[in-house]
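Colleague: I have a model open on my screen and would like to understand the words people use for it. Could you take me through them?
Modeller: Gladly; let us look at it together.

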Amino acid sequence: MGGTPIFAKEAKGAYLYDEDGNRLIDYINSWGPMLLGHAYEPVVNAVIEKAKKGTSFGMPTALETEIAALAVSMVPNIDKIRFVNSGTEACMSAIRLARGFTQRDKIIKFSGCYHGHSDSFLIQAGSGAITFGSPNSPGVTAGTAKDTLLARYNDLENVKQLFEVNKNEIAAIIIEPVAGNMGCIPPAKGFLEGLRQLCNDNGTLFIFDEVMTGFRLAKGGAQELFNIAADIVCFGKVIGGGLPVGAFAARDEIMNCLAPVGPVYQAGTLSGNPLAMAAGLAMLQEINSDAQLFQRLEEKTAYLEKGISKVLTDANVVFTINRVGSMISVHFDANPVSDFQTAANGDNETFKKFFHGLLREGIYIAPSAYETWFITDALTYDDLDFTINAVSKVAKEL
Ligand code: PMP
């Protein structure tokens with residue numbers, strides 16, 4: 001997007017304060033973790049109290065077991081969960097586990113989906129990889145790339161063809177059940193169901209990368225929202241409450257393939273770190289005990305969607321808005337945005353003006369057309385009105 005990078009100084013609730021003394025309403029929220037707002041007190045206090053008692057042990061803690069039990073109780077179709085340090089590690093370990101379990105090598109990923117920066121996934125990746133022009137990163141060997149098959153998001157026929165050509169070779173399909181790394185793209189009706197069926201028919205595992213959607217779209221994530229069972233689920237972002245955490249989870253039969261019970265190796269010096277687990281546990285407890293949270297997030301984001309749509313329409317701007325729950329993105333194209341290609345058709349120059357215009361008005365959205373906005377519950381309706389008003393001003397300049 002050009003311009004001068006913003007340096008964060010501090011943040012509280014829905015607001016970010018930069019080193020130049022500006023207050024920004026934050027629609028990135030650390031790329032998702034801050035579902036309840038920045039410096040959320042129960043999370044901060046849990047971290048402070050834990051830090052006084054030691055910051056890393058390299059051995060099990062009751063705390064890690066407690067957050068594991070809570071996560072397993074909130075999310076459907078999982079019996080065990082393993083904590084790691086990032087979403088990247090979660091997805092990387094999930095495909096190793098799927099390959100070990102199925103004794104197959106190939107995986108299917110979707111163009112424009114991002115599953116972190118491990119080698120197997122940097123093939124037509126979304127997010128920063130596409131923003132910075134390297135969806136296929138140098139450094140990924142041809143040997144690795146050949147085991148990653150690419151499909152078009154929302155194109156079931158395309159996936160069927162891959163299964164026909166690679167019979168009995170596909171270990172897993174990995175998908176963002178709501179894509180958030182090419183803007184926000186909802187799964188078309190029947191798409192996830194169709195993939196589930198294909199996996200069942202072919203002895204392939206279905207991996208939901210819920211790094212963005214987990215504990216954001218519902219307590220049980222996209223599995224709960226769409227009522228589709230995944231075989232392995234990856235988490236990050238919200239599950240760590242803003243500390244470096246990822247996790248992957250599955251039913252016993254699959255998780256028991258993982259070391260030390262099974263042969264598929266995975267480990268980490270700081271995995272299950274007490275500060276990270278304390279933050280994550282405080283976060284999940286808040287989410288679990290607030291029966292209205294997801295309804296409030298839905299209502300706030302729907303209000304924002306409606307307001308932005310109105311002012312952009314009034315200003316004769318050509319746009320499409322995609323939204324699922326508290327994930328939303330604005331695309332400057334008239335046609336539906338349903339996959340990587342249609343996301344790439346958006347007018348980047350207009351997006352650039354939109355981004356910088358909003359920044360000037362004190363609104364911080366992701367500096368890329370290939371990212372979703374993450375709505376936080378800390379936003380008030382006054383903040384949303386302020387934002388819609390800012391969009392109205394900026395729309396006149398587009
Ligand atoms: N999967 C998805 C869906 C993501 O959005 C991201 C990060 N944005 C990752 C995996 C990687 O997570 P991390 O940046 O914590 O490694």
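Modeller: Leaving aside neighbours within four places in sequence, Lys237 is in contact with Trp31, Gly32, Pro33, Gly87, Val211 and Met212. Please keep in mind that this is a predicted model.

Colleague: What makes Lys237 buried?

Modeller: A residue is buried if 20 or more other C-beta atoms lie within 10 Å of its own. Lys237 has 26 such atoms within 10 Å, so Lys237 is buried. Its place is in the loop between β9 (232-235) and β10 (246-250).

Colleague: Which feature does UniProt place at Lys237?

Modeller: The unreviewed UniProt entry gives "modified residue: N6-(pyridoxal phosphate)lysine" at Lys237. That annotation may be inferred rather than shown by experiment.

Colleague: Which residues come nearest to the ligand?

Modeller: Ser86, Gly87, Thr88, Gly116 and Val211 do, out of 17 residues around the ligand. Helix α3 (residues 87-102) gives the most to that shell, with three residues. By class, the shell holds five nonpolar, 10 polar and two charged residues.

Colleague: Why does the largest nonpolar core lie between the domains?

Modeller: First, the core itself: it has 128 residues, and Ala94, Ala98, Ile207, Ile232, Val233 and Ala247 have the most contacts inside it. Helix α10 (residues 274-289) supplies the largest share, 10 residues. Domain 1 (8-30 + 291-395) and domain 2 (41-289) both give residues to this core, so it lies between them.

Colleague: What does Ala247 touch?

Modeller: Not counting residues up to four places away in sequence, Ala247 touches Ile81, Arg82, Phe83, Val84, Ala90, Phe235 and Ile239.

Colleague: And how many residues does each domain bring to the contact between domain 1 and domain 2?

Modeller: The centres of the two domains, taken over C-alpha atoms, are separated by 26 Å. The contact takes 22 residues from domain 1 and 26 residues from domain 2. On the domain 1 side, α11 (293-314), β11 (320-324), β12 (327-331) and α12 (340-344) each supply at least two residues, and β12 gives the most, with four. That side has 10 nonpolar, nine polar and three charged residues.

Colleague: Now the backbone. What makes Gln124 and Asn168 worth pointing out?

Modeller: Most residues other than glycine have a negative phi, and most peptide bonds are trans. Phi of Gln124 is near 45°, a positive value, and Asn168 has a positive phi of about 60°. Gln124 is in the loop between β5 (106-110) and α4 (128-131), while Asn168 is in the loop between α6 (156-165) and β7 (170-175).

Colleague: How do you know whether Gln124 is buried or exposed?

Modeller: Gln124 has 20 other C-beta atoms within 10 Å. The cut-off for buried is 20 or more, so Gln124 counts as buried.

Colleague: Is Asn168 buried or exposed, and what makes it so?

Modeller: A residue is exposed with 12 or fewer such neighbours. Asn168 has 11 C-beta neighbours inside 10 Å, so Asn168 counts as exposed.

Colleague: Which residues does a cis peptide bond join?

Modeller: That bond joins Ala259 and Pro260, and omega is about 10°. Pro260 lies in the loop between α9 (252-255) and α10.

Definitions and conventions
Residues are numbered from 1 along each chain as its sequence is written. This is a predicted model: local features need pLDDT of at least 70, side-chain atom pairs count only at pLDDT 80 or more; totals for chains, interfaces and linings use all residues. A nonpolar core is a set of buried Ala, Val, Leu, Ile, Met, Phe, Trp, Tyr and Cys residues joined through C-beta atoms within 7 Å. Domain bounds come from an automatic or database domain assignment. Two residues are in contact if their C-beta atoms, placed from the backbone, lie within 7 Å. A residue is near a molecule or strand if its C-beta atom, placed from the backbone, lies within 6 Å of it. Ala, Val, Leu, Ile, Met, Phe, Trp, Tyr, Cys and Pro count as nonpolar, Asp, Glu, Lys and Arg as charged, and the others, Gly among them, as polar.
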